[in-house]
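Q: Got a minute to go through this one with me? I'd like to talk about its rings and its surface.

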Amino acid sequence: MRLFGALLPAASALALASPVLAQGVSIAISCGAVGAELQFCSEGAEAWARETGNTVEIVSTPNSSTERLALYQQNLGAGVGNIDVLQVDVVWPGLLGDHLVDLKEYFDEQATAGHFQQLIANNTVDGRLVAMPWFIDAGLLYYRADLLQKYGLEPPLTWADMVEAARTIQEGERAEGNDRFWGYVWQGRAYEGLTCNALEWISSFNGGTIVGEDGKITINNPRAIEAVDLAASWVGDISPDGVLNYDEEAARGVFQSGNAAFMRNWPYAWALSNSPDSPVNGKVGVLSLPKGGEDGKSTGVLGGWQLAVSKYSDNVEVAVDLVRYLTGFAEQKRRAIEGSFNPTLSALYDDPEILAANPFMGELKETFVNAIARPSGVTGGKYNEASSAFWNAVHATLSGNGDAASNLAALERDLIRLSRGGRW
Ligand code: GLC
């Protein structure tokens, strides 16, 4: 998915002027709580409440995207309107769209023009705009710049380079007495985050995207097999056995406390790693993820979150106004500067304050431009089943439960069945 296709002037990013709205309304918004997400969401929503004379109720949701989806499906499936505004993953529009308000009625073309058009397309299901883009994510490689220097190493370009550097640093740091030090931490738990990590390995070896854009199941191929077997070889070597249960925050905990050389994570980890109380403050660099060999490519999976309004809300118009505020220029800028959340408004990538706070947003623009989309569009309402079949097959391989060749062959059969032969 290409994100920077339409670079548009800042003015077009301005949302429509709010119509006269009810006041004194209470709007419940569900926010993620990964890192400082909840705090940022709550600050933004409270600012809107003060400006408009309404109140907000912040509903915290589980960190795991998979658990959050289950909660939403339960809530929306029952047709309950107790959450007005929902924070929606980039892979969910096809899964949840039926329960969400068509925002086209509220955001005209001018109001959506400043956002990456690929996200607007992603969030449009059967002609209905079911969510507004809020921030984008791409998988990144964090590294300890001070340790690379200490051991005379260059930032790695391929996985082989990374493994070698990770091993050198791990051995060196352990020899100096830190026996809790690891080379590489990432997200290996059986959940959506593993789908992202594994798709990155596979794509870096040019091994496709699990399911092609035409619906064909492509996962059972030699490059994908090589990539997943490679990752399995890290477990217990440069990565702890516990990585099989790591999510984003678990990986960040190890890296930020100074106990890992490399970490795969999303942009939010930048601001936190460099916060004043972080032991690695000022020691961290960010690269795009390594290539799968010389003829492989550097990739990062496209992630990110949208804001949607529940069809079951009693206050749709006021809820839409909150979405307009939070996804607008000023709030996206604040979140980018203070929390390193990548904006979805393309003009903000030219903002000097944002680039000064987050050099990687400019330097790694290509990583965001060429971020690999998960196959959620083509699999639609079956995305979660397809993704969970994938992460389970990968998790089994990482756990030493069968090799990638047999596990991906079995996965191929499961996906053929699930998709009724690729028709989805
Ligand atoms: C991040 C991404 C999201 C992804 C999730 C997986 O929150 O933004 O798209 O699904 O991580 O853990």
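What follows is a short chat about aromatic pairs and a charged patch.

A: Sure, and note that this is a predicted model: local features need pLDDT of at least 70, side-chain atom pairs count only at pLDDT 80 or more, and totals for chains, interfaces and linings use all residues. Residues are numbered from 1 along each chain as its sequence is written, and side-chain values use heavy atoms, with hydrogens and water left out.

Q: OK, how many aromatic pairs are there in the whole structure?
A: The search finds 16. Rings of Phe, Tyr and Trp (its six-membered ring) pair if their centres lie within 6.5 Å; planes under 30 degrees apart are stacked, over 60 edge-to-face, the rest tilted.

Q: What's the geometry of W159 and Y184?
A: Tilted, with 6.2 Å centre to centre and 55° between the planes. W159 sits in helix α7 (residues 159-175) and Y184 in strand β8 (residues 182-185), so the pair ties together parts 25 residues apart in sequence. Helices (H or I, at least four residues) and strands (E, at least two) are DSSP runs, numbered from the N terminus.

Q: Are those two buried or exposed?
A: Both W159 and Y184 are buried, meaning under 20% relative accessible area; exposed is over 50%, partly exposed in between (1.4 Å probe, protein chains only).

Q: Which residues share their cluster?
A: W159 and Y184 form one aromatic cluster with W186, W201 and W234.

Q: Switching topic: where is D295?
A: In the loop between β10 (284-287) and β11 (302-309). D295 counts as exposed because its relative accessibility is 66%.
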